[in-house]
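Trainee: Please take one part of this model and go through it closely. I would like the helix packing and the buried residues around it.

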Amino acid sequence: METEKILNADEKNLLVNQVQTDVSLISFLSVISVFFIGSLLPQFNSYDLSVKIPISFLIVSTFAFVFSALILSNATQVINKGNKKRVERHLDYGYAISEYMGVFLFIFSVPLAISIVTSDIYLRIVTFCAAILGMGVYQLTGFSLLDNHFSKKHKLLSIITLLFGTILFISQVYNFYFVSISTAFLIFIFLITILAPIKKFQ
């Protein structure tokens with residue numbers, strides 16, 4: 001029978017401080033996402049799919065930030081009880097949701113959102129390059145949670161993610177299978193979010 005692992009006082013304090021800091025950051029990101037949504041909605045009287053999809057990405061990322069913050073916030077109660085296995089479950093799912101459905105969707109939705117509010121090529125390209133290059137550095141240098149959750153396949157998943165971001169932008173600009181590619185991207189993000197906390201996939 002496996003012995004239940006209990007956190008000591010130092011581990012509890014360290015984890016509580018870490019969670020509180022991360023919840024503050026995630027809450028801040030959710031505010032930024034809400035700001036983008038609030039800025040976009042009044043600019044349109046009607047919405048076609050090229051407008052609906054970037055806004056939908058922002059809405060999903062906002063809720064992902066909110067629910068991940070709730071999961072991590074609730075983790076403090078579990079931490080105080082000292083049950084290490086339950087703490088890891090809260091942290092694994094909280095961080096996976098905030099990273100993949102929150103950060104990834106938010107980052108890739110920004111170039112799409114800029115494209116629907118301006119036809120200025122310079123601004124669109126700068127926003128796209130900043131998103132893709134920033135995400136590329138974040139992922140391929142090992143700072144992303146992909147490196148922890150999928151240690152054997154994180155580079156492949158990083159490349160797939162970056163390709164999705166690039167193809168999304170191009171397909172929106174040229175109105176070429178944008179809905180299908182967006183759907184595939186959402187499914188991909190959902191799958192890695194679900195699989196990330198499962199140890200056998202790591």
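Mentor: What follows is a walk through one helix pair, then the core and a few single residues. This is a predicted model, in which local features need pLDDT of at least 70, side-chain atom pairs count only at pLDDT 80 or more, and totals for chains, interfaces and linings use all residues. Residues are numbered from 1 along each chain as its sequence is written, and side-chain values use heavy atoms, with hydrogens and water left out.

Helix α4 (residues 121–140) packs on helix α6 (residues 154–173) at an angle of about 170°, and their axes are 9 Å apart. That makes the two helices roughly antiparallel (over 145 degrees). Helices here are DSSP runs of H or I with at least four residues, numbered from the N terminus; axes are lines fitted to C-alpha atoms over the stretch in contact, and angles run from 0 to 180 degrees between N-to-C directions. On the α4 side the contact includes R124, F128, I132 and M135, and these belong to a set that meets α6 residues including H154, L162, F169 and V173. Contact means heavy atoms within 4.5 Å. By class, the contact of α4 with α6 has 7 nonpolar, 7 polar and 2 charged residues; Ala, Val, Leu, Ile, Met, Phe, Trp, Tyr, Cys and Pro count as nonpolar, Asp, Glu, Lys and Arg as charged, and the others, Gly among them, as polar.

P111, in helix α3, touches residues including F128 and F169. P111 is buried, because its relative accessible area is 3% (buried is under 20%, exposed over 50%, partly exposed in between, with a 1.4 Å probe and protein chains only). By contrast, L133 of α4 counts as exposed, at 59% relative accessibility.

The largest nonpolar core has 51 residues, and L91, Y100 and F185 have the most contacts inside it. Such a core is a set of buried Ala, Val, Leu, Ile, Met, Phe, Trp, Tyr and Cys residues joined through side-chain atoms within 4.5 Å. Elements giving two or more residues to this core include α4 and α6, while the largest share, 13 residues, comes from α3. Not counting residues up to four places away in sequence, Y100 touches residues including L145, F150 and I189.

Finally, S182 is found in helix α7 (residues 178–195) and counts as buried at 3% relative accessibility. A polar atom of the S182 side chain lies 2.7 Å from the backbone oxygen of F178. Beyond four places in sequence, S182 touches I53, F57 and L168.

How values were computed
Polar contact = N/O pair within 3.5 Å; in protein donor to acceptor, adjacent residues only side chain to side chain. Parallel < 35°, antiparallel > 145°, perpendicular 65-115°, else oblique.
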